[in-house]
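Hi there,

Here is the structure we talked about, with the sequence alongside. Have a look at it first, and then read on for what turned up.

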Amino acid sequence: MTILGELTPVDSEIATAFDALVARRGRAYSQDLLFDLSGVHFVWPSGLVTLRTLLSTPEIWSCDRVTLRLPTAEGCRQYLGVAGFLHGLPAEVTIDSPETNANAGTWSAQTLLPLTSINTLQELEQLAHCITTRLDEMLGQGQAAAPDEPWRRQKSAIVSAIREMCHNVLEHAGAGGWIAAQRYRAKRTGAPFLEIAVADAGCGVRTSIARTHRSLGRAAEAAVLRSVVEQGLSRFGTDPTRGNGYGVLKRATRECDGSFFLRSGGGILEHPRRGPLRTAERSVRWPGTYLMLRLACR
Amino acid sequence: MRAPDAAVLCNPDHASIRGARADILERLQRAGSGTVVPVSLEGIELSASCHAALFGPVLEAIVRGSYPGRFVVAVDPGARNEWDADAAMRKYSETVGEKLVCVWDRTDRCVLVGSVDTQVRATYDFVTEIWQRTGEGATARELADMFQLTIQAASNRLTKAAGLGIVYSADVESVMGGGRQNRYVPVQ
């Protein structure tokens, strides 16, 4: 599987490459699978978490071994190392490091959160505790300084969104997952923003929600995503203490002029900065769920 | 609320949440009229679901009249929980079909979180301002004069705010020309 350009599952070309990989499951078994990232010149957190999820899910490979060919762009390869992507890969994954290319990525970035696994509530609670401190460190707000109100609200929104994204994985996926977050400056405007991404290889939103909303078990996955996001449905039924996750995400996007992109199985949902929700259905089912959130920040 | 080992709680079923909720309800049950029960969140951050589990049933019981004349205030130094609590209370309100509001003491000031509309917020802010300035409660006449309302409309707003548990009638006094009026003070 060859990926070019920017490593993110959201771009249509990359999504097609991932779809081809997933569709490969169940076909004739082969001895080796190559993930060729040599042509990648930029890596987003969403690419990190989705690719790592695929690499950590041997049952979808339809082969014994995987070779991961790293980007020739040195900046990209360095980032993969700094972001923790190369640590703890399954033993079946072999790293192929090509000759270096001194061209670094054209974006400047700060790591809010390197690639981090989410497997337990304790890990999540520890993570949430660290995020607040990390935000203050990164964005130059010392702990002694009283935060101004707009920044205090933005920070609360960011931390809450991360907490809910991770908690969704633990509560609903039936499997652990990954999270990563970076701060960037937009090329055209220079405006700072965060990309936060989570991914898991769990049961998917439809399977989870259908435990209590049985009729949704037969609905198209894109329609299920829309119902869950718009109505705040929860697999805990009518329990008023549950179903806060996507409401917090929507509120965070309003607070921080942001957007999010969600894929689960064959369903895709986009919550843009402006305009209505958009959904789409793909014939190839992604093995699990991933969510990419972008929020303006200082 | 007693903080468990972690400073952040994400599990609404955690024993600390259940215990704290039970403790608040018991204190409300035992308290006399005019009592404000503080709920300290110092040193702890709760997820939205935890706020919903902790405050939702308590505020619901207050709004439905289970504890007349008794109130809660969340004490949240640094306002680390305000954003999540507001999100949680709004969602909870939508789900149960009752407007739920909580007074939130951030140390620098008290704000309202939850299903708050502009009118409710303005009423609370007015009552607070009068009380801080004069040491006395605000009347419907004063609210009517401030916002150019009829006495009845102003009285309705104060009654509504009292029903939400954010102001209470601390005094009843006679008025010139006959009749009586309530003086409302903010829950803080």
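Let me begin with Val172(B): leaving out residues up to four places away in sequence, Val172(B) touches Arg180(B), Gln181(B) and Asn182(B). Please keep in mind throughout that this is a predicted model. Val172(B) sits in strand β7 of chain B, which covers residues 167-174. With a relative accessible area of 38%, Val172(B) is partly exposed. Arg183(B) is 11 residues from Val172(B) along the chain, and their C-alpha atoms are separated by 6.1 Å.

**The nonpolar cores**

Next, the interior. The largest nonpolar core has 80 residues, and the members that touch the most others are Ile158(A), Ile196(A) and Phe55(B). Helix α2 of chain B (residues 48-63) supplies the largest share of this core, 10 residues. There is also a second, separate core of 41 residues, with Leu7(A), Leu48(A), Ala73(A) and Ala197(A) among its members. As general background, nonpolar side chains in soluble globular proteins tend to be buried together.

What does Ile158(A) touch, once residues up to four places away in sequence are set aside? Its contacts are Leu135(A), Trp151(A), Leu194(A), Ile196(A), Cys256(A), Leu295(A) and Cys297(A).

Lys155(A) belongs to helix α5 of chain A, residues 149-173. Is Lys155(A) buried or exposed? Lys155(A) has a relative accessible area of 12%, and the cut-off for buried is under 20%, so Lys155(A) counts as buried. Not counting neighbours within four places in sequence, Lys155(A) is in contact with Thr132(A), Leu135(A) and Asp136(A). Leu135(A) is thus on the contact lists of both Lys155(A) and Ile158(A). The C-alpha atoms of Lys155(A) and Cys256(A) are separated by 9.3 Å, although the two residues are 101 apart along the chain.

**Chain A as a whole**

Chain A contains eight helices and nine strands. Of its 298 residues, 56% count as buried. If you take the contacts in chain A between residues at least 6 apart in sequence, 70% of them join residues at least 24 apart.

**Helices of chain B**

Helix α2(B), the one that feeds the largest core, is mostly covered, with 14 of its 16 residues buried. α2(B) has a kink of about 35 degrees at Phe55(B), shortly before the proline Pro57(B). Phe55(B) also appears among the residues that touch the most other members of the largest core. After α2(B) comes Gly65(B), with a positive phi near 85 degrees.

Pro68(B) lies in the loop between α2 and β4 (70-75) of chain B. Pro68(B) is exposed, at 53% relative accessible area. In sequence, Pro68(B) is 94 residues from Ala162(B), while their C-alpha atoms are 9.9 Å apart in space.

How do α4 (residues 118-134) and α6 (residues 151-164) of chain B pack? Their angle is about 90 degrees and their axes are 10 Å apart. That makes α4(B) roughly perpendicular to α6(B). On the α4(B) side, Gln119(B), Val120(B), Thr123(B) and Val127(B) take part, and they meet Arg157(B), Leu158(B), Lys160(B), Ala161(B) and Leu164(B) of α6(B).

**Cysteines**

You may wonder about disulfides: a search of the whole structure finds zero over all chains. For Cys203(A), the nearest cysteine sulfur is that of Cys166(A), 17 Å away. Cys203(A) is partly exposed, with 24% relative accessible area. For Cys102(B), the nearest cysteine sulfur belongs to Cys110(B) and is 10 Å away. Cys102(B) counts as buried, at 1% relative accessibility.

**Two positive phi values**

Most residues other than glycine have a negative phi. Asp257(A) has a positive one, near 50 degrees. Asp257(A) is located in the loop between α8 (245-255) and β8 (259-271) of chain A, and at 32% relative accessibility Asp257(A) counts as partly exposed. In chain B, Gln148(B) has a positive phi near 55 degrees. Gln148(B) lies in the loop between α5 (140-147) and α6, and counts as exposed at 75% relative accessibility.

Happy to go through any of this with you.

Best wishes

How values were computed:
Residues numbered from 1 in each chain as written. Chains lettered and ligands numbered in written order. Heavy atoms only, no water. Core = buried A, V, L, I, M, F, W, Y, C linked by side-chain atoms within 4.5 Å. Buried < 20%, exposed > 50% of the residue type's maximum accessible area, 1.4 Å probe, protein only. Helix = DSSP H or I, 4+ residues; strand = E, 2+ residues; numbered from the N terminus. Contact = heavy atoms within 4.5 Å. Disulfide = S-S within 2.5 Å. Bend = angle between axes of the 7 residues up to and from the residue. Axes fitted to C-alpha atoms, helices over the stretch in contact; angles between N-to-C directions. Parallel < 35°, antiparallel > 145°, perpendicular 65-115°, else oblique.
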